[in-house]
Amino acid sequence: MADDAMVCADQVWKSFGKLWVDGELMGYRQRGNVLHETKTRDVARQRAKIGMVFQRFNLFPHRTALENVMEGPVHVKGVPRAEGERDAVALLGQVGLGDKLDSYPAQLSGGQQQRVAIARALALRPKVMLFDEPTSALDPELVGEVLDVMQQLARDGMTMIVVTHEIGFAREVADGVALTDGGVVVESSPPNEVLVKPRQEHTKLFLSKVLA
């Protein structure tokens, strides 16, 4: 095991928490109370199960919406080009951009670019979707179109972990809400509890600011 880094499981879990996808611990293999960091190829395989949507859209500027969505399946997973194109067309239609297949990112609004980014993440058929403040870079009038797509994903059964200040969205869609401060969970519970009747003073102060 010389090529594996080893750390105490309790130390890592207390510091960073832990994540399983389909029953598999991400990033580590556990033996007893010791965690072994997984090898690079295994980490890449695990990450393929997780889709990520960033604050900024991070689209390839020289590729069309269709090409952006096709990129991962075709060039990373080796999906045949015809199949990748067919799936990309369907996904762009799913996020309301069926008429923007040949548009480049610079020709799209911020909300449209973020919806392309969502379709791109979905193209890899993830088990879990991570969203990092997906509406924070958008003009207010464009936020709704992205949240609508995310709401539909939730209704379709997609597991999502969302970092957001859109409290109304969280209250309506989330199964559970956690408020963090400095990387530490301050309070967590179902949304109707933590967002309506918070127990912690820090939570009450935060909500008083964002809901003011």
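1. In this predicted model, the hairpin of S4 and S5 has two residues between its strands, and Gly-32 there takes a positive phi near 65°. Strand S4 covers residues 28-31 and strand S5 residues 34-37; the two pair in the antiparallel sense over four bridges. Tyr-28 has Glu-37 of S5 as its bridge partner.

2. An open sheet of three strands follows the order S6-S7-S8, with parallel pairing. Strands S6 (50-53) and S8 (159-163) are at the edges with a single partner strand each, so one side of each has no neighbour in the sheet. From one strand to the next, the twist averages 15°.

3. Within that sheet, S6 and S7 (residues 128-132) run parallel and are joined by four bridges. Ile-50 has Val-128 of S7 as its bridge partner.

4. Two helices lie across these strands. H5 lies across S6 and S7 and runs at about 170° to S6. H6 (residues 140-155) lies across S7 and S8, at about 145° to S8.

5. Helix H4 (residues 81-94) has 14 residues and reaches 20 Å from its first C-alpha to its last, close to the 20 Å expected at 1.5 Å a residue. Gly-84, Ala-88, Leu-91 and Leu-92 of H4 are buried. They lie on the same side of H4 because they cover an arc of only 95° around the axis. Ala-82, Arg-86 and Ala-90, on the other side of H4, are exposed.

6. What do the buried residues of H4 pack against? Their partners are helix H3 (65-75) and helix H5 (110-122). After H4 comes Gly-96, with a positive phi near 80°.

Notes. Residues are numbered from 1 along each chain as its sequence is written. This is a predicted model: local features need pLDDT of at least 70, side-chain atom pairs count only at pLDDT 80 or more; totals for chains, interfaces and linings use all residues. Side-chain values use heavy atoms; hydrogens and water are left out. The expected span of a helix is 1.5 Å times one less than its number of residues. Buried means under 20% relative accessible area, exposed over 50%, partly exposed in between (1.4 Å probe, protein chains only). The arc is that of the directions from the helix axis to the C-beta atoms. Contact means heavy atoms within 4.5 Å. Two strands pair if DSSP finds at least two bridges between them. Axes are lines fitted to C-alpha atoms, for helices over the stretch in contact, and angles run from 0 to 180 degrees between N-to-C directions.
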